[in-house]
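Good morning, and thank you for coming. I would like to take you through one structure that will be new to most of you. Please have it before you as I speak.

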Amino acid sequence: MQFITKDFMLHNETACSLYHNYAKHMPIYDYHCHLDPKQICENTHFDNITDLWLGGDHYKWRAMRAQGVEERYITGDALPKEKFQKWAETLENTVSNPLYHWSHLELKMYFDIDSLLTRDNADDIYERANKYLETHHVTTQSLIQSSNVALICTTDHPNDDLKYHEQIKQQKDFKTAVLPAFRPDDLFKVDQPVFKEFISQLEELTHVIATPLALIEAMTKRIDYFHEHGGRLADHGLEEVHYAPYTTEDIQAIFDKGLKGESVSRQEKFQFQTFVLYELSKAYYERQWVMQIHFGAIRNNNTRAYEQLGPDAGFDSIRDQENLAYHLNHTLDMMERNGHLPKTILYNLNPVYNDIVGSTIANFQTEPGIRSKIQHGAGWWFNDTKQGMLRQMSSLADQGLIMHFVGMLTDSRSFISYSRHDYFRRILCTWIGEQVESGEIPNDSTLLKRLVQDVCYNNAFHYFKLIEGE
């Protein structure tokens with residue numbers, strides 16, 4: 001049975017026209033992902049679908065656990081074929097979950113397999129997929145190029161030497177731009193042991209650490225290092241966004257506690273977060289960087305699983321937060337009123353806050369010549385679904401200008417997750433098509449072409465200004 005047809009997810013005539021004429025062939029501008037630059041640089045070859053498909057994919061892991069699959073078949077030492085069989089048995093039960101769509105899109109797009117994957121045909125599809133990988137010599141770079149990816153921004157620790165990005169740049173036969181993005185999450189963890197380790201490494205690299213202001217000097221040196229290697233984006237993964245006023249004496253005391261491993265209160269943690277964001281935003285603004293803030297996750301909630309498997313194993317969920325609107329507005333305002341609010345993208349994990357984010361960013365669209373300087377980022381992680389995407393786009397359209405939306409990103413460690421861009425584009429075209437056919441958007445080909453192609457690619461291209469082109 002063929003499930004992924006050419007008009008999959010396209011529910012009206014206008015949607016079909018928009019997708020096939022305007023969206024389908026647009027390049028991909030993947031400005032935020034977690035792909036491994038080492039694997040891209042070394043052009044890693046995949047000879048087993050299990051490694052490519054299930055390795056590091058916590059979306060699939062969570063579904064397998066819900067199916068009752070033993071952990072050894074998920075992250076453990078079971079054979080690749082055994083893990084694939086367990087995933088096939090699970091996939092049958094993910095109907096109406098986006099995993100059902102994503103997985104069959106991936107089979108179709110990257111293995112040319114139309115069949116529904118079930119426990120009964122798992123052996124056959126496993127062999128067919130592995131044969132395809134072998135005969136087509138599928139590698140990281142071939143997957144990227146076949147997906148029509150123009151640019152990738154990886155997610156990189158401030159202390160990274162970025163050597164793989166530099167080596168990729170020298171590979172003249174690989175045309176996709178692969179640039180680093182600055183991710184200083186450890187700097188915010190002043191209440192955790194990793195903070196002291198981070199500061200120690202930073203000191204070795206920059207020879208500057210003694211006071212909080214010297215810390216910012218050291219971070220600025222690393223920002224400049226990223227800038228020299230093509231980096232123009234920073235990303236911050238915050239549990240919550242808090243604005244907490246502070247004094248110089250407050251920050252010095254908190255900094256000293258963090259280095260000594262002493263207890264830091266929640267209020268002190270949020271004061272330090274406010275200080276760091278305020279100071280780093282100056283450097284971002286001066287260099288015309290884009291600042292991204294992802295917030296709203298509560299991580300490693302299953303203590304026993306965390307002790308056994310470590311972080312990023314699929315035991316995170318959506319967080320709530322009291323007085324978010326106050327903290328979000330004041331955080332942006334402290335940068336704006338002092339003249340160094342950079343281009344900013346806000347990603348909220350909790351969809352309840354879509355309109356709070358949407359109405360907040362409208363308060364700070366104050367720099368002439370920049371279209372939607374402050375962006376409401378695409379639905380991510382638990383919102384990386386049909387309903388999550390529709391909620392985010394509808395809220396953005398209500399509160400701002402959907403015409404300037406910078407669109408989809410993968411936010412993934414998988415080299416075949418570019419199917420999610422296709423998924424997004426199909427949902428986008430159906431959403432627009434429904435409004436056209438109900439008379440809420442004019443059926444004007446010039447307007448619709450611009451809307452679709454700008455959201456799919458052009459807006460990101462012009463907003464980030466990372467690669468050359470028309």
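I begin at the end of one helix: just after α13, Gln 288 takes a positive phi of about 60°. Helices here are DSSP runs of H or I with at least four residues, strands are runs of E with at least two, and both are numbered from the N terminus. This is a predicted model, in which local features need pLDDT of at least 70 and side-chain atom pairs count only at pLDDT 80 or more, while totals for chains, interfaces and linings use all residues. Residues are numbered from 1 along each chain as its sequence is written, and side-chain values use heavy atoms, with hydrogens and water left out.

Most residues other than glycine have a negative phi. Ser 96, with a positive phi near 80°, sits in the loop between α5 (80-91) and α6 (98-111). Ser 372 also has a positive phi, near 50°, and its place is the loop between α16 and β9 (374-376). Is each of these serines buried or exposed? By relative accessible area, buried means under 20%, exposed over 50%, and partly exposed in between, using a 1.4 Å probe and protein chains only. Ser 96 counts as exposed, at 74%, whereas Ser 372 is buried, at 13%.

Let me return to α13. Of its 21 residues, 16 are buried, so the helix is largely enclosed by the rest of the structure. The expected span of a helix is 1.5 Å times one less than its number of residues. For α13 that gives 30 Å, and its end C-alpha atoms lie 31 Å apart, which agrees.

The same helix brings us to the salt bridges. A salt bridge is a side-chain nitrogen of Lys or Arg within 4 Å of a carboxyl oxygen of Asp or Glu, and by this rule the count comes to 28. In one of them, Glu 268 pairs with Lys 257, the closest N and O atoms being 2.9 Å apart. Glu 268 lies in α13 (residues 266-286) and Lys 257 in α12 (residues 248-260), so the pair ties together parts that are 11 residues apart in sequence. Glu 268 is buried, at 17% relative accessible area, while Lys 257 is partly exposed, at 24%.

Which residue does Arg 183 pair with in a salt bridge? The partner is Asp 235, with the closest N and O atoms 2.5 Å apart. This pair links distant parts of the chain: Arg 183 is in the loop between β3 (177-179) and α10 (193-206), and Asp 235 is in strand β4 (residues 233-238), 52 residues away. Arg 183 is buried, at 14%, and Asp 235 is buried too, at 1%.

There is also a salt bridge between Lys 373 and Glu 367, with a closest N to O distance of 2.5 Å. Here Lys 373 is buried, at 3%, and Glu 367 is partly exposed, at 26%. In addition, Asp 191, Glu 239, Glu 240, Arg 266, Lys 269 and Arg 319 are linked in a network of salt bridges.

I turn now to a sheet. Two strands pair if DSSP finds at least two bridges between them. In the order β1-β2-β3, 3 strands form an open sheet with parallel pairing. At its edges are β1 (28-30) and β3, each pairing on one side only. Strand β2 (residues 149-153) is joined to β3 by 3 bridges, and Ile 152 has Val 178 in β3 as its bridge partner. Against this sheet packs helix α19, touching β1 and β2; contact means heavy atoms within 4.5 Å.

Helix α19 leads to the nonpolar cores. Such a core is a set of buried Ala, Val, Leu, Ile, Met, Phe, Trp, Tyr and Cys residues joined through side-chain atoms within 4.5 Å. Within the largest core, of 108 residues, those touching the most other members are Tyr 31, Phe 111, Leu 117, Met 393, Ile 432 and Phe 464. The largest share of this core, 10 residues, comes from helix α19 (residues 445-464). Setting aside residues up to four places away in sequence, Ile 432 touches Leu 18, Ile 441, Leu 448, Leu 451 and Val 452. A second, separate core has 50 residues, including Leu 238, Val 276, Leu 332 and Ile 374.

How values were computed:
Axes fitted to C-alpha atoms, helices over the stretch in contact; angles between N-to-C directions.
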